[in-house]
Amino acid sequence: MADTDNNFPLSQDSTPGFGANAAVAPEVAAPNAAPGAFGDDAATKSKASLSDAKQQVKDGVTKVQHQAVDKIHALAGDGKAKAGSALDQVAQLLHDAAGQVDEKLGSQYGQYARSAADSVTSLSGAIKDKDVEELLDDARAFVTKSPAVAVGIAAALGFVLARVVQSGVETRSPVDTAA
């Protein structure tokens with residue numbers, strides 16, 4: 001049998017050397033090299049691409065925020081227009097009812113109904129004339145000035161809204177079971 005020790009000469013160093021092997025990563029080939037000596041370009045490129053990615057995410061978030069704010073303002077404007085129209089209809093109903101109140105209860109009570117209709121018309125005009133931001137500022141000022149009244153109004157509106165939703169659900173239940 002042939003002597004295999006002659007094929008692999010032993011070196012004086014006990015650690016294997018990979019410096020001549022190009023297939024091994026540079027960090028493995030020269031483990032004692034200064035940090036950053038290998039891959040500076042790759043690290044710089046990865047940091048730049050990470051920075052670009054962060055900037056793209058920030059830009060995307062900013063764009064989405066602006067779109068959301070614009071959408072909210074558009075919806076608030078639509079709501080403002082609908083509220084003004086609804087208040088005009090309520091004022092018209094009050095004016096129409098004032099005549100009937102005059103006949104049944106007297107002109108003094110009819111005048112109360114006309115006064116209420118004028119107040120509702122005035123409120124409708126104020127809502128239509130103001131910008132959404134002005135209306136929000138007015139609401140904030142009202143809540144700051146009279147927090148108890150604001151909480152009471154919010155509770156009353158919540159109760160009314162719950163009743164409307166509940167009556168809508170109760171109306172649909174028999175229709176759903178009949179189908």
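**Group meeting: a chain of five helices**

Of the 179 residues in the protein chain, 7% count as buried, where buried means under 20% relative accessible area, exposed means over 50%, and partly exposed lies in between, using a 1.4 Å probe and protein chains only. The model is a predicted one, in which local features need pLDDT of at least 70 and side-chain atom pairs count only at pLDDT 80 or more, while totals for chains, interfaces and linings use all residues. Residues are numbered from 1 along each chain as its sequence is written, and side-chain values use heavy atoms, with hydrogens and water left out.

Let me begin with the overall layout. The protein chain has 5 helices and 0 strands, and from the N terminus its elements read α-α-α-α-α. Helices here are DSSP runs of H or I with at least four residues, strands are runs of E with at least two, and both are numbered from the N terminus. The accessible surface of the protein chain is about 14,500 Å², and carbon and sulfur atoms hold 61% of it; such areas come from the Shrake-Rupley method with a 1.4 Å probe, and for residues only the protein chains shown count as cover. Among contacts in the protein chain with a separation of 6 or more, 45% are between residues 24 or more positions apart, a contact being heavy atoms within 4.5 Å.

I turn next to helix α3, residues 107–129. The expected span of a helix is 1.5 Å times one less than its number of residues. For the 23 residues of α3 that gives 33 Å, and the end C-alpha atoms are 32 Å apart, which agrees. Which residues of α3 are buried? They are Gly110, Ala113, Ala117, Val120, Ser124 and Ile127.

Two of these residues lead us to positions elsewhere in the chain. Serine 124, in helix α3, is buried with a relative accessible area of 1%. Setting aside neighbours within four places in sequence, serine 124 is in contact with Gly84, Leu87 and Asp88. Valine 120 lies 9.3 Å from glutamine 92, C-alpha to C-alpha, although the two are 28 residues apart in sequence. Glutamine 92 belongs to helix α2, residues 40–105, and is partly exposed at 44% relative accessibility.

Helix α3 also contains an aromatic pair. A pair of aromatic rings is described by the distance of the centres and the angle of the planes. The structure holds 1 such pair. The rings of tyrosine 109 and tyrosine 112 have centres 6.0 Å apart and planes at 70°, so the pair is edge-to-face. By the rule applied, rings of Phe, Tyr and Trp (its six-membered ring) pair if their centres lie within 6.5 Å; planes under 30 degrees apart are stacked, over 60 edge-to-face, and the rest tilted. Both tyrosine 109 and tyrosine 112 lie in α3, 3 residues apart, or about one turn of the helix. Tyrosine 109 is partly exposed, at 45% relative accessible area.

Now to the charged side chains. A salt bridge is a side-chain nitrogen of Lys or Arg within 4 Å of a carboxyl oxygen of Asp or Glu, and the count by this rule is 4. In one of them, aspartate 102 is paired with arginine 114, with the closest N and O atoms 2.3 Å apart. Aspartate 102 lies in helix α2 and arginine 114 in helix α3, so the pair ties together parts that are 12 residues apart in sequence. Aspartate 102 is partly exposed at 24%, and arginine 114 is partly exposed at 27%.

Another salt bridge joins the side chains of lysine 130 and aspartate 138, at 2.3 Å from N to O. Lysine 130 is partly exposed at 30% relative accessibility, as is aspartate 138 at 35%. A further salt bridge links aspartate 137 and arginine 140, at 3.0 Å from N to O. Both of these residues lie in helix α4, 3 residues apart, about one turn of the helix.

Finally, where on the chain is there a nonpolar surface patch? Phe142, Val143, Val149, Ile153 and Leu157 form one, with about 430 Å² of accessible area together. Patches consist of residues with over 30% relative accessible area and no salt bridge; like charges are joined within 9 Å, and nonpolar side chains (Val, Leu, Ile, Met, Phe, Trp, Tyr) within 5 Å. Helices α4 (132–145) and α5 (147–178) each supply at least two residues of the patch, and α5 gives the largest share, 3 residues. Phenylalanine 142 sits in helix α4 and is partly exposed at 34%.
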